[in-house]
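Me: I keep meeting labels like "buried" and "tilted" when I look at protein models. Can you walk me through how such labels are earned?

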Amino acid sequence: MCDAINANNPQSVNTFVEGVKHDSIEARMYLLNVTSKDGLLALLSAIATDEVFLHELIEHDSTFRKDDNKFFRNTDKKMDAELLEKCKKSFIKSSTLTMDTMLIVPALLISL
């Protein structure tokens, strides 16, 4: 089903965010397919503003840990001032919840 969905569409990203909030492993894994600037901005915005989503990412970060490099490579290819600002906001928000989140967002900043 997810193969027919454009992962880079911000509406798709929002759908996956909602899926993650409802413990969907498929939605969580599909977020790794987000590669466009618009999709990445939607994802980083959700990290920075949606505490339930962020909590679920942190709670199940082992799902992403093995694929972090894919996400970071996707983000690094599109990095510009706007994405960097979203990364910073996401990092600040995530670091206020728990130190475990130091594994989720910082590589985005390190890669610059």
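Reply: Sure, here is a chat about the labels that go with this predicted model.

Me: Let's begin with the overall picture. How many helices and strands are there?

Reply: The protein has eight helices and zero strands. Read from the N terminus, the elements go α-α-α-α-α-α-α-α. Of its 112 residues, 43% count as buried.

Me: What makes valine 17 buried?

Reply: A residue is called buried when its relative accessible area is under 20%. Valine 17 has 3%, so it is buried. You'll find valine 17 in helix α1.

Me: Which residues does valine 17 contact, leaving aside its neighbours within four places in sequence?

Reply: Those are Ala46, Asp50 and Phe53. Take aspartate 50: it sits 33 residues from valine 17 in sequence, with 9.1 Å between their C-alpha atoms.

Me: And why is phenylalanine 53 called buried?

Reply: Its relative accessible area is 0%, which is under the 20% cut-off, so the label fits. Phenylalanine 53 belongs to helix α4, residues 51-59. Not counting residues up to four places away in sequence, phenylalanine 53 touches Val17, Val20, Lys21, Leu31, Leu43, Ala46 and Ile47. Lysine 21 is 32 residues away from phenylalanine 53 in sequence, yet their C-alpha atoms are 5.3 Å apart.

Me: Serine 12 next. Is it buried or exposed?

Reply: Serine 12 is buried: its relative accessible area is 11%, and the limit is under 20%. Serine 12 is in helix α1. Its contacts, not counting residues up to four places away in sequence, are Ile5, Asn6 and Ala7.

Me: Then why is asparagine 33 called partly exposed?

Reply: Partly exposed covers what lies between buried, under 20%, and exposed, over 50%. Asparagine 33 has a relative accessible area of 29%, so it falls in that middle group. Asparagine 33 is in the loop between α2 and α3. Asparagine 33 and valine 13 are 20 residues apart in sequence, and 9.8 Å separates their C-alpha atoms.

Me: On to rings. How many aromatic pairs does the structure hold?

Reply: There is one.

Me: How do you know that phenylalanine 16 and tyrosine 30 form a pair, and what makes it tilted?

Reply: Rings pair if their centres lie within 6.5 Å, and here the centres are 4.8 Å apart, so phenylalanine 16 and tyrosine 30 qualify. For the angle, planes under 30 degrees apart count as stacked and those over 60 as edge-to-face. These planes are at 50°, so the pair is tilted. The pair links distant parts of the chain: phenylalanine 16 is in helix α1 (residues 10-21), while tyrosine 30 is in helix α2 (residues 25-30), 14 residues apart. Both phenylalanine 16 and tyrosine 30 are buried.

Me: How do you know that helix α3 has close to the expected span?

Reply: You expect 1.5 Å times one less than the number of residues. Helix α3, residues 37-49, has 13 residues, and the expected value is 18 Å. From first C-alpha to last, α3 reaches 18 Å, so the two agree closely. Among the buried residues of α3 are Gly39, Leu43, Ala46 and Ile47.

Me: How is the packing of two helices described?

Reply: Two packed helices are described by the angle between their axes and the distance between the axes. For α1 and α3, the axes come within 8 Å and cross at roughly 35°. The crossing of α1 past α3 is right-handed. In the contact, Pro10, Val13 and Val17 of α1 meet Asp38, Gly39, Ala42, Leu43 and Ala46 of α3. These residues divide into six nonpolar, one polar and one charged.

Me: And what about α1 and α4?

Reply: Their axes come within 9 Å and cross at roughly 65°, and α1 passes α4 in a left-handed crossing. Val17, Val20 and Lys21 in α1 meet Val52, Phe53, Glu56 and Leu57 in α4. That contact is made of five nonpolar, no polar and two charged residues.

Me: One last residue. What is the phi of aspartate 23?

Reply: Aspartate 23 has a positive phi of about 65°, although it is not a glycine. Most residues other than glycine have a negative phi. Aspartate 23 is in the loop between α1 and α2.

Conventions: Residues numbered from 1 in each chain as written. Predicted model: local features only at pLDDT ≥ 70, side-chain atom pairs only at ≥ 80, totals over all residues. Heavy atoms only, no water. Helix = DSSP H or I, 4+ residues; strand = E, 2+ residues; numbered from the N terminus. Buried < 20%, exposed > 50% of the residue type's maximum accessible area, 1.4 Å probe, protein only. Phe/Tyr/Trp six-rings, centres within 6.5 Å; stacked < 30°, edge-to-face > 60°. Axes fitted to C-alpha atoms, helices over the stretch in contact; angles between N-to-C directions. Left-handed = near helix turned anticlockwise from the far one by under 90°. Contact = heavy atoms within 4.5 Å. Nonpolar A, V, L, I, M, F, W, Y, C, P; charged D, E, K, R; others polar.
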